[in-house]
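Biologist: Hello! Could you show me how to read a protein structure, one feature at a time?

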Amino acid sequence: MEEEFRLGKDCFGLDESQVRLYTAIARHTVLVMAALAICAITAAQLKDRTDTQAPPPARPGQPPPADPGMIPLTVPEIASLLTAFTHPPSPPDHAGHWSAWKRRHQALARWYHQRARLTETR
């Protein structure tokens with residue numbers, strides 16, 4: 001529960017309301033939670049289609065794969081892409097390229113982490 005609340009604060013501005021009336025606070029909270037729910041459902045539905053990671057390493061000295069693939073879309077990444085599409089940046093498709101680079105980098109970092117854990121267990 002604490003992680004979800006932190007995610008709501010960090011990605012969706014749950015704690016950025018500067019209102020004093022209960023009705024306004026309730027409206028803000030409902031809108032933030034609805035946005036979080038939409039992004040979470042989208043991430044869950046797209047998990048199988050966007051997960052293109054390479055298989056984990058089998059031995060400690062294994063070289064990295066030529067194409068590490070990409071991690072599946074996460075809730076913060078979907079929120080970031082939605083923000084980029086509603087407020088387009090100056091270069092076209094900048095957010096898409098940045099997202100792909102970041103997810104590919106995270107997949108490669110995950111692969112190296114898994115390989116390092118193989119070394120630790122031996």
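Modeller: Gladly, and let's begin with one residue: Tyr 112 has a relative accessible area of 34%, so Tyr 112 is partly exposed. The classes work like this: buried means under 20% relative accessible area, exposed over 50%, and partly exposed in between, with a 1.4 Å probe and protein chains only. Please keep in mind that this is a predicted model, where local features need pLDDT of at least 70, side-chain atom pairs count only at pLDDT 80 or more, and totals for chains, interfaces and linings use all residues. Residues are numbered from 1 along each chain as its sequence is written, and side-chain values use heavy atoms, leaving out hydrogens and water.

Biologist: How much of the protein counts as buried?

Modeller: Of its 122 residues, 24% do.

Biologist: Which helices and strands should I look for, and how many are there?

Modeller: Helices (H or I, at least four residues) and strands (E, at least two) are DSSP runs, numbered from the N terminus. Here the protein has four helices and zero strands, and the pattern along the sequence reads α-α-α-α.

Biologist: How do I describe two helices that pack together?

Modeller: Two packed helices are described by the angle between their axes and the distance between the axes. Axes are lines fitted to C-alpha atoms, for helices over the stretch in contact, and angles run from 0 to 180 degrees between N-to-C directions. In this model, helix 2 (residues 22-50) and helix 3 (residues 75-86) have axes that come within 9 Å and cross at roughly 115°.

Biologist: What do we call the arrangement of helix 2 and helix 3?

Modeller: Angles under 35 degrees count as roughly parallel, over 145 as roughly antiparallel, 65 to 115 as roughly perpendicular and the rest as oblique. Helix 2 and helix 3 are therefore roughly perpendicular to each other.

Biologist: Which residues meet where helix 2 and helix 3 touch?

Modeller: Contact means heavy atoms within 4.5 Å. From helix 2 come Leu 36, Cys 39, Ala 40, Thr 42 and Ala 43, which meet Val 75, Ile 78, Ala 79 and Leu 82 of helix 3. Sorted by class, this contact has eight nonpolar residues, one polar and no charged. For the classes, Ala, Val, Leu, Ile, Met, Phe, Trp, Tyr, Cys and Pro count as nonpolar, Asp, Glu, Lys and Arg as charged, and the others, Gly among them, as polar.

Biologist: How many aromatic pairs does the structure hold?

Modeller: Rings of Phe, Tyr and Trp (its six-membered ring) pair if their centres lie within 6.5 Å; planes under 30 degrees apart count as stacked, over 60 as edge-to-face and the rest as tilted. The structure holds two such pairs. Trp 98 and Trp 101 are stacked, at 5.3 Å centre to centre with 15° between the planes. These two tryptophans, Trp 98 and Trp 101, sit three residues apart in helix 4 (residues 94-121), so about one helical turn separates them. The rings of Trp 111 and Tyr 112 have centres 5.4 Å apart and planes at 85°, so this pair is edge-to-face.

Biologist: Is Trp 111 buried or exposed?

Modeller: Trp 111 has a relative accessible area of 3%, so Trp 111 is buried.

Biologist: What does Arg 104 touch beyond its neighbours in sequence?

Modeller: Arg 104 lies in helix 4. Leaving aside neighbours within four places in sequence, Arg 104 is in contact with Pro 68, Gly 69 and Met 70. Arg 104 and Gly 69 are 35 residues apart along the chain, with their C-alpha atoms separated by 5.7 Å.
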